[in-house]
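Here is a short set of exercises to work through with the viewer open. Try each task yourself before you read its solution.

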Amino acid sequence: KNNEDQDTVEVQDNVALLACNGLGYAAVYPHVISSGFERGSLLPPINTQDTVMCGEVMDYDLDGQPEILLGLYSKRILIYKRSTLKGYSLTQQISFQHPVTSILSLDINNDCVDEIIVTTFHGISVMNRQKIAENKLKDVISYLKDVMGSNIEIGQNEDDEVSLTSPQDEGSSSS
């Protein structure tokens, strides 16, 4: 943003860079505008005999924090989660029949949950994360029941819209 008292421009530095190479390495460079490539950290080793074909950054497990997905020539997707202030840990691997050439997260069925579209040398796969979303919703409902009390009612109409209501005491009246 421009500061009218000075002739300088302030830049919000929340830009990070995921860099992948063909030798099985990937690195994350946080705050790349101000720090350049000085503060990068390598993701845990993959396999120097493998090739990183693609990468995607998205909230895979729907916890509000982005994960890093790497597509490999060895027919796998590796999912990394930030575990410390500077580090990442491998949390999951997904296997495919052919080398993974691209990964894209996109809500293609308008259910407000991004599907993961994976292309390989021989086709396209669409991974639906609806089960993850349903489990997150159950956690939220459980939390709301704890906060609002056990009198909470959960309703669902014909359009699959969910509503939460807290029934009022029938014996109480307002004056």
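The exercises below concern a predicted model and go from confidence to sheets, cores and single residues.

**Exercise 1. Find where confidence in the chain is highest and where it is lowest among its elements.**

Solution. Start with the whole chain: its mean pLDDT is 77, and 74% of its residues reach 70 or more. Next, go to the elements. Strand E8 has the highest confidence, at 93, while strand E12 (residues 162-165) has the lowest, at a mean of 60. Finally, look at residues 169-175. There pLDDT stays under 50, and the model has zero contacts beyond four places in sequence for this stretch.

**Exercise 2. Work out the strand order of the open sheet of four strands, and say which strands are at its edges.**

Solution. Trace the pairings: the order is E4-E5-E6-E7, and the pairing is antiparallel. The edges are E4 and strand E7 (88-95), each of which pairs on one side only. On average, neighbouring strands in this sheet are turned by 20° against each other, direction ignored. Now zoom in on E6 and E7, which pair in the antiparallel sense over seven bridges. To pick out a bridge between them, select Ile79: its partner in E7 is Gln92.

**Exercise 3. Do the same for the open sheet of three strands.**

Solution. This sheet runs in the order E8-E9-E10, again with antiparallel pairing. Strand E8 (100-106) and strand E10 (123-127) are the edge strands, pairing on one side only. Here, too, the average turn between neighbouring strands is 20°, direction ignored. E8 and strand E9 (residues 115-120) are joined by six bridges in the antiparallel sense. Within this pair, Ile103 stands opposite Val118 in E9.

**Exercise 4. Which residues have the most contacts inside the largest nonpolar core, and which elements give two or more residues to this core?**

Solution. The largest core has 13 residues, and Leu69, Ile77 and Ile116 have the most contacts inside it. Strand E4 (52-58), strand E6 (76-82), E8 and E9 each give two or more residues to it. Now take Ile77 and leave aside its neighbours within four places in sequence. The contacts of Ile77 include Leu69, Phe96 and Val100, as well as Ile103 and Val118. The last two are the residues that stand opposite each other in the E8 and E9 pair. To finish, look for a second, separate core: this one has eleven residues, among them Ala26, Leu43, Val52 and Leu72.

**Exercise 5. Which side chains make polar contacts with the side chain of Arg76?**

Solution. First locate Arg76 in strand E6. Its side chain makes a polar contact with the side chain of Ser74 at 3.1 Å. A further polar contact, at 2.8 Å, joins the side chains of Arg76 and Gln93. Beyond four places in sequence, Arg76 also touches residues including Ile46, Asp50 and Val100.

**Exercise 6. Is Thr120 buried or exposed?**

Solution. Find Thr120 in strand E9. The cut-off for buried is under 20% relative accessible area. Thr120 has 14% relative accessibility, so Thr120 counts as buried. Next, list what Thr120 touches, not counting residues up to four places away in sequence: His98, Pro99, Val100 and Thr101. As a last check, compute the C-alpha separation of Thr120 and Ile103, which are 17 residues apart along the chain; you should get 9.3 Å.

Terms used. Residues are numbered from 1 along each chain as its sequence is written. This is a predicted model: local features need pLDDT of at least 70, side-chain atom pairs count only at pLDDT 80 or more; totals for chains, interfaces and linings use all residues. Side-chain values use heavy atoms; hydrogens and water are left out. Two strands pair if DSSP finds at least two bridges between them. Axes are lines fitted to C-alpha atoms, for helices over the stretch in contact, and angles run from 0 to 180 degrees between N-to-C directions. A nonpolar core is a set of buried Ala, Val, Leu, Ile, Met, Phe, Trp, Tyr and Cys residues joined through side-chain atoms within 4.5 Å. Buried means under 20% relative accessible area, exposed over 50%, partly exposed in between (1.4 Å probe, protein chains only). Contact means heavy atoms within 4.5 Å. A polar contact is a pair of N or O atoms within 3.5 Å; within protein, one must be able to donate a hydrogen and the other to accept it, and residues adjacent in sequence count only if both atoms are side-chain atoms. pLDDT is the predictor's confidence in each residue, from 0 to 100.
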